[in-house]
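Q: Got a minute to go through this one with me? I'd like to talk about how the chains meet.

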Amino acid sequence: MRARCLSWGPLHDPLRIDLSDRKRWLTIGQAATVTRSSERTVWRWIRLGKIGAVTTAGGRTFVDRETLFILPAPDLAQSDTG
Amino acid sequence: MTGAALLNLNYGVHDQQEVALNIDEQIFAILPAPSRAKLERLISERELAAAAMHAASDKLQDAIRAYVLLENQVRQQLVSFQGVEILPPQEVFRPSAVRQAKIDTETRLMAPVRAAERRKKAAEEAHKRAVARWREYDFVGECIAWLQGIASLGAPSFKHFTPPLPKVKDAVAEVQRIQRELESLDAAWRAAENAPLPPKTVRERAIAEIDRIAQAGALELNPYNRSGEPLDLERAITQRQTAVRVPGADHPDLILTGKGPGPLVVWLLRDQLVEKINALSDTLPVEGALDDDEREREFARIAEERLRLERLEEAFIVAMEAEGRFVPRRRKADPRAILEIAEV
């Protein structure tokens, strides 16, 4: 896994991040939807270090769902597969 | 069921803690005035529903208690000595007459118990209806949880926004149609989320992965080397344990240094690996495949359409409320639609 952590807390050991865990690592669009906000707002939270996110070597950013607040619609972005 | 068991029934699906909303007053500050007023009204309506539910719960408890006490009392009467039944002389020697007299007595004594049972059942139904009515305000709790979450991360600026309401013949049917569309959007969302990558993309990424490792394992001949080992192969393929002491730690940690032989093997077998990858990628599923950009575009499309529909649904519900018709909101309704807000 080659990812650069934009911001992380004790949960985010860069060596242990598994972006294949699609329930935990969300794209910016998914994060915006599950938090009922906009992509612009999600980017702002990342810049401010309010939520955990990593950027891959390919330049894609993923948000750690565990650092988002409790969601009003938890089933919307849940996958059946891991 | 025994009286004691009945009295111990837990009808408290709505204890005080669950009913009370824990509201941080600061969250109101992030809302525009009309949205704030609407949320305050909805909270107030929810509290009224909660009060009605508590009243129904109290009535139910009273009805259960009255029923159980009365039933116990009558059953004791029935099993105790009933006294002497005086029958007309012509019926004294007819056993059926005696039996009938006993049944009549039981029916007479049990009549108030049956009435209490009917009152208990009516109270149960009323309680169920009150709980259901209160549950219809679950979305208020969700809105508040969302506002608190947004506020904790740094809320964006919101403006008040309501969509223009199209003219329709039947608003209820329109809301139902919107809800069906929302369900199909949820299905589309899950499909996009679980869609595989196109085989071409998987192949390109796999080959890039091989090339990156192969590059790390590539051997170089050093024409200026004077040690007699122009490849420096041993250093390239050997891993060693090195002791590293982290400042402040009691003991040094052993860490592995060196790449090991893996990258060299990948460099040697690069073309064979690529050939294998090409063969493997031909077996990957292609149906519904989306690359990352397509997936993000699909997410954005669904999210936008979903919010548009939810705003419309809320606008119809509000319009019907103005006409005195109550249509319950979905618990999972988007708080932005209910609160009539849009990010600035």
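**The A–B interface**

A: Sure: 28 residues of chain A are in contact with 31 residues of chain B, contact being heavy atoms within 4.5 Å. This is a predicted model, where local features need pLDDT of at least 70 and side-chain atom pairs count only at pLDDT 80 or more, while totals for chains, interfaces and linings use all residues. Residues are numbered from 1 along each chain as its sequence is written, chains are lettered from A in the order in which they are written, and side-chain values use heavy atoms, without hydrogens and water.

Q: What area is buried between chain A and chain B?

A: About 2600 Å², with carbon and sulfur atoms giving 47%. That's the accessible area (1.4 Å probe) that the two parts lose on being put together, summed over both.

Q: How many salt bridges across the interface?

A: The rule finds 4, taking a side-chain nitrogen of Lys or Arg within 4 Å of a carboxyl oxygen of Asp or Glu. One of them pairs A:R60 with B:D293, closest N and O atoms 2.6 Å apart.

Q: And which elements give two or more residues to chain A's side?

A: α1 (28–34) and α2 (39–47) of chain A, helices being DSSP runs (H or I) of at least four residues, numbered from the N terminus. The largest share, 5 residues, comes from α2(A).

Q: Switching topic: what's the mean pLDDT of chain B?

A: It's 88, and 90% of chain B's residues reach 70 or more; pLDDT is the predictor's confidence in each residue, from 0 to 100. Over residues 1–17 of chain B, though, pLDDT is below 50.

Q: What about ipTM and pTM?

A: The model scores 0.76 and 0.74.
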